[in-house]
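This report walks through one protein model, from single residues to the overall layout. Please keep the sequence and the 3D view open while reading.

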Amino acid sequence: MISAPAKVASQPIVRRAPNDYIDEEYARKKLASFPDEVSCWICLEEKDLSSTSRPLLRDCCCRGGSGWAHYKCLEQYATDKIDTIFENTKLGGHMNPGDFAEIWTSCPNCNQSYENDLGLATSAGFMNYIEEKDDVSPDLQMKGMKAWLRVESNMTFLTGLRNACHLDESYIEEGRQISNKILKRILPKIQKSTLPPQQRKLELEADLHGNDLAFFAEKNGDYEAALAAG
């Protein structure tokens, strides 16, 4: 009797803290080359080039002294904004989950998406926020909302990884694992469930990020999934 081959356990997804994606040494050099005194537009702390300080970051279309901020300040800003949306929803307000990624990953001053390592860090922060909110808050148990936000946040992070692959080759491995998580664990559950109009939004979201899913799924050796995603 031929025994079935043993299943190989998949490696756990590497979960870095979002600010670990920031190249602080490069950020300090960039800040040092800027001639003017600048400060964080959120906490108003002025720039400090010492190695123990949190560097001010900017990777958007802002010019002059505007747009500089600490990562942790941006994270808190986004968290507070979305927490307010959830509170308003409890009181009957409107929630548009499509705005969530923009709150996390776009500069509210120039409205451009953050790029490079700052774009990756903020997209990772968005994903972590949704996954943690998913565990502790009943607010996301609304019909279809929980699943949609999980897809939105994971795909946003996947896009961040793809855009930052030129900075660090290890991001390709993370992208493979995240794409596998989306294709094998998240999307199948959504496809089996009956959702209200959110289902159409999910389909549109999958189409929007299809290139990223296909890119990493192909690198994962899952050519069938890559073809479907693309």
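Leu 161 sits in helix α5, which spans residues 145-163. Helices here are DSSP runs of H or I with at least four residues, strands are runs of E with at least two, and both are numbered from the N terminus. The model is predicted, so local features need pLDDT of at least 70 and side-chain atom pairs count only at pLDDT 80 or more, while totals for chains, interfaces and linings use all residues. Residues are numbered from 1 along each chain as its sequence is written, and side-chain values use heavy atoms, with hydrogens and water left out.

**Leu 161**

Leu 161 counts as buried because its relative accessibility is 0%. Buried means under 20% relative accessible area, exposed means over 50%, and partly exposed lies in between (1.4 Å probe, protein chains only). Leaving aside neighbours within four places in sequence, Leu 161 is in contact with Leu 120, Tyr 171, Glu 174, Gly 175, Ile 178 and Phe 216; contact means heavy atoms within 4.5 Å. Arg 176 is 15 residues from Leu 161 along the chain, and their C-alpha atoms are separated by 9.8 Å.

**Asp 117 and the largest cavity**

Asp 117 belongs to helix α4, residues 116-136. Which side chain of opposite charge is nearest to Asp 117, and how far away is it? It is Lys 30, at 7.3 Å, and Asp 117 is buried yet has no salt bridge. For charge, Lys and Arg count as positive and Asp and Glu as negative, with His and the chain ends not counted. A salt bridge is a side-chain nitrogen of Lys or Arg within 4 Å of a carboxyl oxygen of Asp or Glu.

A polar atom of the Asp 117 side chain lies 2.9 Å from the backbone nitrogen of Asp 23. Outside its neighbours within four places in sequence, Asp 117 is in contact with Tyr 21, Ile 22, Asp 23 and Leu 167.

Asp 117 also helps to line the largest cavity, together with residues including Ile 22, Asp 23, Lys 30, Trp 68 and Leu 118. The elements giving two or more residues to this lining are α1 (24-32) and α4. The largest share, three residues, comes from α1. The volume of the largest cavity is about 100 Å³, and the count of cavities of 30 Å³ or more comes to three. A cavity is a set of points, on a 1 Å grid over the protein atoms alone, where a 1.4 Å probe fits but cannot get out; lining residues have an atom within 4 Å of a point. Grid points are joined across faces, edges and corners, and a volume is the space filled by probe spheres set on the points.

**Positive phi angles**

Most residues other than glycine have a negative phi. Asn 111 has a positive phi near 70° and is found in the loop between α3 (100-105) and α4. Asn 111 counts as exposed because its relative accessibility is 57%. Asn 116 has a positive phi of about 55° and lies in helix α4. At 31% relative accessibility, Asn 116 counts as partly exposed.

**Salt bridges**

The structure holds eight salt bridges. Three of them are listed here with the distance between the closest N and O atoms.

| Acidic residue | Basic residue | Closest N and O atoms |
|---|---|---|
| Glu 25 | Lys 29 | 3.6 Å |
| Glu 45 | Arg 54 | 3.8 Å |
| Glu 75 | Lys 72 | 3.2 Å |

Glu 25 and Lys 29 are separated by about one helical turn because they are four residues apart in helix α1. Both of these residues, Glu 25 and Lys 29, are exposed. Glu 75 and Lys 72 both lie in helix α2 (residues 71-90), three residues apart, about one turn of the helix. Glu 75 counts as buried at 18% relative accessibility, whereas Lys 72 is partly exposed at 41%. In the remaining table row, Glu 45 is partly exposed at 35%, and Arg 54 is partly exposed at 39%. Elsewhere, Glu 131, Arg 150 and Lys 181 are linked in a network of salt bridges.

**Overall layout**

The protein has nine helices and zero strands. Of its 230 residues, 45% count as buried. Among contacts between residues at least 6 apart in sequence, 67% join residues at least 24 apart.

Note on methods. Polar contact = N/O pair within 3.5 Å; in protein donor to acceptor, adjacent residues only side chain to side chain. 1 Å grid on protein atoms, 1.4 Å probe; cavity = no way out; pocket = protein on both sides within 12 Å on 5 of 7 lines; lining within 4 Å.
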